Amino acid sequence: KSRKRGLGYGLNFEYDEYVKFSTGFSYQFVEGYSPTNNANNSISDNIGEFNNLIFDFNIDRDTTNNLFNPTDGHKNNLSIFLSPTDISDDPFLKLYYSNKNYFSFKDNNNYLFLNTNIGVSESFDSKLKTVNAFSLGGRNFRGFDYRGIGPISNGIYLGGNKIFTSTLGYGSSFLFDEKDNIDIKLFLTTGSIWDSDYTSDNEFNLRSSTGISFDFLTAIGPISFSYAIPIEKNDSDVTRAFSFSIGTTF
């Protein structure tokens, strides 16, 4: 269990109609308690009181033609998080890059898309705690359960310091009537997560899945349903074929 309290401050800048910057910082007081397994270092390292100061920087360039269901254009985002040594109890550096590309066909509503995500994080101390590590599965990898991909120790999900996914897909928007807008996508996703500081089993193992999704644009925003099946997986991975979420699939 954990308690977290803190405060933060951020600034947003618009360079032009396509490029935006944001930067800020946050102070966090974290208290971890009631461990389920005192012998597991991935848990015990999170037990205690920790004070952290985290600086963040984001740059976003978006030329897509639609906020919710883009069919043409490109979107790139780079996020950097720094928790400095000698200031924070959990010093680390985390970088995450997202690249989304949409290519529409002429004279119809069909399009191709290619989305790639890459993440790298490192601790300035001995180990990167699992709370600061990446996770894989669920919304960021359809066909697998939330935190269904990656190393597990005594039933505890460890995550990883490095992550990547790449999705190639085909989409089509069609209108049933003036109120119902549905976007259908066929997709193939591949990726992996590795390099946890809490296990020696850190081989790079590729996973992949394929599926279909339906995105419904409603009055309260987009909602999505998807069905995906794994093509490549590890024996320890947890799969989930059906998923539902608020927001678009990709």
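This briefing walks through the surface patch, the pockets and the salt bridges of the structure above. The model is predicted, so please keep in mind that local features need pLDDT of at least 70 and side-chain atom pairs count only at pLDDT 80 or more, while totals for chains, interfaces and linings use all residues. Residues are numbered from 1 along each chain as its sequence is written, and side-chain values use heavy atoms, with hydrogens and water left out.

**Nonpolar surface patch**

- Y9, L11, F13, F25, F55, L82 and F124 come together as a nonpolar patch on the surface, and their accessible area adds up to about 640 Å².
- A patch is built from residues with over 30% relative accessible area and no salt bridge; nonpolar side chains (Val, Leu, Ile, Met, Phe, Trp, Tyr) are joined within 5 Å, and like charges within 9 Å.
- Accessible areas come from the Shrake-Rupley method with a 1.4 Å probe, and for residues only the protein chains shown count as cover.
- Strand β1 (residues 2-14) gives the most to this patch, with 3 residues; strands (E, at least two residues) and helices (H or I, at least four) are DSSP runs, numbered from the N terminus.
- Y9 is in strand β1, and Y9 counts as exposed because its relative accessibility is 51%; the cut-offs are over 50% for exposed, under 20% for buried and in between for partly exposed (1.4 Å probe, protein chains only).

**Two pockets**

- The largest pocket holds about 700 Å³ of space, and of its 31 lining residues S2, N46, T130, V131 and N132 are the closest to its centre.
- A pocket is an open set of points on a 1 Å grid over the protein atoms alone, where a 1.4 Å probe fits and protein lies on both sides within 12 Å along at least five of seven lines; lining residues have an atom within 4 Å of a point.
- A volume is the space filled by probe spheres set on the points, which are joined across faces, edges and corners.
- Elements that each supply at least two residues to the lining of the largest pocket are β1, β2 (19-32), α1 (41-44), β3 (48-62) and β9 (156-157).
- That lining has 14 nonpolar, 12 polar and 5 charged residues.
- The second largest pocket offers about 600 Å³ of space; 28 residues line it, with S98, K100, N115, N117 and F250 nearest its centre.
- Two or more residues of the second lining come from each of β3, β4 (73-83), β5 (92-104), β6 (110-123) and β10 (162-175).

**Salt bridges**

- The whole structure has 8 salt bridges, each a side-chain nitrogen of Lys or Arg within 4 Å of a carboxyl oxygen of Asp or Glu.
- R3 pairs with E31, with 3.3 Å between the closest N and O atoms; this links strand β1 to strand β2 across 28 residues of chain.
- E122 meets K162 at 3.0 Å between the closest N and O atoms, joining strand β6 to strand β10, 40 residues apart.
- Both partners are partly exposed, E122 at 34% relative accessible area and K162 at 22%.
- E122 and K162 also belong to a salt-bridge network with D195.
- R207 and D237 form a salt bridge at 2.9 Å, N to O; R207 is in strand β12 (residues 207-218) and D237 in the loop between β13 (221-232) and β14 (239-240), 30 residues apart.
- R207 is buried, at 3% relative accessible area, and D237 is buried too, at 7%.

Conventions:
Nonpolar A, V, L, I, M, F, W, Y, C, P; charged D, E, K, R; others polar.
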